[in-house]
Amino acid sequence: MSPVQGVPATASRVMEALAIYRFLTPEQLSKELGVGAYSYLRQKVLPKLVKQKLIKSINHGPKAGPYSYYLTKKSAKSIATHQGVPLDTVNFPKGNSIDYGNELEHRTAIVSSHISFLKWAESEDLKIDYFHPDFENFKQQGTGGHATSLAQVRCKHVSFLADAIFRFSHKGKHRLCFLEIHHTTTPRNIAKKLDLHVTAIYENVAEKQFQHPTLNFVLSVHWRKSTMETTMKYMMKISDFEEFIPLFHFNTIDQIKQDFSQGWKMANRETSPLFLP
């Protein structure tokens with residue numbers, strides 16, 4: 001694709017990447033997306049885009065790590081014009097979704113998972129219906145413009161956020177996945193969160209809320225392999241979980257970054273076939 005009008009090629013690639021992933025660090029732009037050399041992006045391209053008010057930066061402080069970047073409305077308009085699409089189809093963060101709080105590593109992991117998933121999907125020529133991270137909001141009608149996350153899961157007696165919800169076509173079937181990235185090393189608490197997904201599956205939220213005709217899958221991604229394995233043991237102890245085993249799949253964030261399709265396990269330790277050819 002040709003660069004956005006009036007913007008150099010590398011800067012244009014930065015803007016178009018941000019339109020997909022919403023928030024990116026220089027390391028993600030360089031190492032995971034191959035937009036350009038890290039030092040060149042950090043010292044030349046990104047500061048110039050900030051100066052031109054085409055992107056904005058978030059300073060996470062000296063202890064937290066690098067800056068993150070996101071599109072401005074000005075650049076979103078340029079991309080919409082360039083691509084010939086409505087402005088509301090271009091992702092640029094607004095309101096509370098910009099605030100990371102202390103969630104830098106967690107949000108960065110969600111974005112890295114999105115990057116790796118799209119790479120795999122492209123390599124397999126898959127059709128992607130949507131990928132909604134927890135920081136993507138929409139405004140509900142009749143609520144005074146109140147923003148609600150598109151990754152909100154609503155059960156009869158409880159509502160909770162998944163880290164991302166996405167749907168794609170694979171092997172001739174549509175698949176709906178709820179992604180959870182656990183930035184904690186407490187397997188018991190992780191299992192409690194995953195048990196909420198058992199409730200959602202039992203209540204058939206996939207069809208009732210997302211108009212998906214079959215049950216959804218739950219992807220549980222961990223910082224440490226040991227935490228993942230202990231969580232799997234806890235899940236196997238949940239009453240009546242056995243019938244849900246084929247719907248829950250476990251992996252580590254390092255493996256996800258390397259190859260989204262590889263390394264998935266089910267709670268009974270069997271290899272998951274979910275993303276295999």
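This is a short chat about the predicted model shown above.

Q: What sort of model is it, and how are residues numbered?
A: It is a predicted model, where local features need pLDDT of at least 70, side-chain atom pairs count only at pLDDT 80 or more, and totals for chains, interfaces and linings use all residues. Residues are numbered from 1 along each chain as its sequence is written, and side-chain values use heavy atoms, with hydrogens and water left out.

Q: How many helices and strands does the protein have?
A: There are 9 helices and 11 strands. Both are DSSP runs, numbered from the N terminus: helices are H or I with at least four residues, strands are E with at least two.

Q: What share of the residues is buried?
A: 49% of the 277 residues. Buried means under 20% relative accessible area, exposed means over 50%, and partly exposed is in between (1.4 Å probe, protein chains only).

Q: And what area does the protein expose?
A: About 14,300 Å², with carbon and sulfur atoms supplying 49% of it. Accessible areas come from the Shrake-Rupley method with a 1.4 Å probe; for residues, only the protein chains shown count as cover.

Q: OK, the sheet. What is the strand order?
A: β3-β8-β9-β10-β11, an open sheet of 5 strands with mixed pairing. Two strands pair if DSSP finds at least two bridges between them.

Q: Which are the edge strands?
A: β3 (127-133) and β11 (248-252), each of which pairs on one side only. The twist averages 25° from one strand to the next.

Q: Is the pairing of β8 and β9 parallel or antiparallel?
A: Antiparallel, over 7 bridges. Histidine 170 has lysine 173 in β9 as its bridge partner. The hairpin of β8 and β9 has 2 residues between the strands, and lysine 171 there takes a positive phi near 55°.

Q: And how do β9 and β10 run?
A: Parallel. 6 bridges join β9 (residues 173-182) to β10 (residues 217-222). Phenylalanine 178 stands opposite valine 218 in β10, and histidine 182 stands opposite histidine 222 in that strand.

Q: How many residues of β9 are buried?
A: 8 of its 10, so β9 is mostly covered.

Q: Which helix lies across β3, β8 and β9?
A: α5, running at about 180° to β3. Axes are lines fitted to C-alpha atoms, for helices over the stretch in contact, and angles run from 0 to 180 degrees between N-to-C directions. Helix α6 (residues 187-202) also packs on the sheet, where α6 touches β9, β10 and β11. The direction of α6 makes about 155° with that of β9.

Q: Anything in α6 to look at up close?
A: Try alanine 200, found in helix α6. Alanine 200 counts as buried, at 1% relative accessibility.

Q: What does alanine 200 touch?
A: Val153, Cys155, Phe160 and Val205, not counting residues up to four places away in sequence. Contact means heavy atoms within 4.5 Å. Alanine 200 and valine 153 are 47 residues apart in sequence and 7.6 Å apart in space, C-alpha to C-alpha.

Q: What comes after α6?
A: A loop between α6 and α7 (205-210), which holds asparagine 204. Phi of asparagine 204 is positive, near 55°, in a residue other than glycine. Asparagine 204 is partly exposed, with a relative accessible area of 21%.

Q: Switching to α8. Which residues are buried there?
A: Thr227, Met228, Thr231, Met232 and Met235. They cover an arc of only 140° around the axis, which puts them on the same side of α8. The arc is that of the directions from the helix axis to the C-beta atoms.

Q: What do they pack against?
A: The buried residues of α8 pack against α6, β10 and β11.

Q: Now α1. What is its span?
A: The end C-alpha atoms of α1 (residues 9-21) are 18 Å apart, which agrees with the 18 Å expected for 13 residues at 1.5 Å a residue. The expected span is 1.5 Å times one less than the number of residues.

Q: Which α1 residues are buried?
A: Among them are Ala11, Val14, Met15, Leu18 and Tyr21. The partners of the buried residues of α1 include α2 (26-32), α3 (38-51) and α5 (104-123).

Q: What follows α1?
A: Arginine 22, whose phi is positive, near 75°.
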